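Hi everyone, thanks for making the time. I'd like to walk you through one structure today, so let me put it up on the screen.

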Amino acid sequence: AYLAQGRHLMLTLQGCPSHLLDDEVFLHDLCVRAAQATGAQVLQSMSHHFTPQGVTSLILLAESHASIHTYPEVGTAFWDCFTCGWECIPERSVEVLVEGLGAETVQWECITRGDGAEYAPIPDSGEG
């Protein structure tokens with residue numbers, strides 16, 4: 001029987017240059033690359049620039065979804081990446097985002113989700 005299972009990465013990036021966190025085109029492209037780095041298939045993507053500042057980008061994956069929300073005024077971004085099953089590895093998006101955004105401080109957690117599952121080990125889970 002098929003079990004609904006997956007990994008959910010929650011990443012907080014701080015100390016990022018505000019101009020990068022307010023650049024919708026840059027962030028959109030970075031998020032697509034970060035999602036692809038997990039091994040996921042990007043189906044669609046969209047983003048929105050807020051007034052006076054900040055961006056949200058959403059990436060629809062065949063395996064589920066990823067998103068970023070930025071706060072340029074305080075140099076912070078939040079990234080969530082959920083992938084169903086065990087083929088994709090959300091943790092692979094961390095390096096892409098840290099390097100792309102020049103984050104000074106990074107905190108992350110990756111949890112397993114699902115019912116009745118014997119979960120595969122998650123590489124390097126915890127704070128990165």
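**A walk through the model**

Let's begin with H49: setting aside the neighbours within four places in sequence, H49 is in contact with D22, E24, G54 and V55. Please keep in mind as we go that this is a predicted model. H49 sits in strand β2, and its side chain makes a polar contact with the side chain of D22, at 2.8 Å. Is H49 buried or exposed? Neither, as it happens: its relative accessible area is 29%, so H49 counts as partly exposed. You can also relate H49 to V25, which is 24 residues away along the chain, with 9.5 Å between the two C-alpha atoms.

V25 takes us to helix α2. The N-terminal end of α2 is capped by D23, which places a side-chain oxygen 3.3 Å from the backbone nitrogen of V25. The helix itself covers residues 24-37, 14 residues in all, and spans 20 Å from first C-alpha to last, close to the 20 Å expected at 1.5 Å a residue. After α2 comes G39, with a positive phi near 95°.

Which residues of α2 are buried? They are L27, H28, L30, C31, V32, A34 and A35. Their cover includes two helices you can pick out on screen, α1 (18-21) and α3 (92-101), along with strands β2 (42-49), β3 (55-61), β4 (64-71), β5 (76-84).

Now for the largest nonpolar core, which has 30 residues. Touching the most other members are L11, L13, I68, W79, L97 and L101. At least two residues each come from β1 (5-14), α1, α2, β3, β4, β5, α3 and β6 (105-114). Which element supplies the largest share of this core? That is α2, with six residues.

Two of those well-connected leucines, L97 and L101, also appear among the buried residues of α3, together with S93, V94 and V96. The buried side of this helix packs against β1, α1, α2, β4, β5 and β6. If you click on L101 and ignore its neighbours within four places in sequence, you'll find it in contact with L13, C16, P17, L20, L21, F26, L27, L30, I68 and A77. Following α3 is G102, again with a positive phi, this one near 60°.

Next, a few spots for those of you who like checking local geometry. As a reminder, most residues other than glycine have a negative phi, and most peptide bonds are trans. With that in mind, look at the bond joining T51 and P52: it is cis, with omega about 10°. P52 belongs to the loop between β2 and β3. Then there is S64, in strand β4, a residue other than glycine with a positive phi, near 150°. S64 counts as buried because its relative accessibility is 19%, and the cut-off for buried is under 20%.

Last stop: E63, in the loop between β3 and β4. What is the nearest side chain of opposite charge to E63? It is R92, 11 Å away, and E63 is buried yet has no salt bridge. Beyond its neighbours within four places in sequence, E63 is in contact with G39, A40, Q41, F82, T83, C84 and C88. That list brings back G39, the glycine that follows α2.

That's my tour, and I'm happy to rotate the view for anyone who wants another look.

Conventions
Residues are numbered from 1 along each chain as its sequence is written. This is a predicted model: local features need pLDDT of at least 70, side-chain atom pairs count only at pLDDT 80 or more; totals for chains, interfaces and linings use all residues. Side-chain values use heavy atoms; hydrogens and water are left out. Helices (H or I, at least four residues) and strands (E, at least two) are DSSP runs, numbered from the N terminus. The expected span of a helix is 1.5 Å times one less than its number of residues. Buried means under 20% relative accessible area, exposed over 50%, partly exposed in between (1.4 Å probe, protein chains only). Contact means heavy atoms within 4.5 Å. A polar contact is a pair of N or O atoms within 3.5 Å; within protein, one must be able to donate a hydrogen and the other to accept it, and residues adjacent in sequence count only if both atoms are side-chain atoms. A nonpolar core is a set of buried Ala, Val, Leu, Ile, Met, Phe, Trp, Tyr and Cys residues joined through side-chain atoms within 4.5 Å. Lys and Arg count as positive and Asp and Glu as negative; His and the chain ends are not counted. A salt bridge is a side-chain nitrogen of Lys or Arg within 4 Å of a carboxyl oxygen of Asp or Glu.
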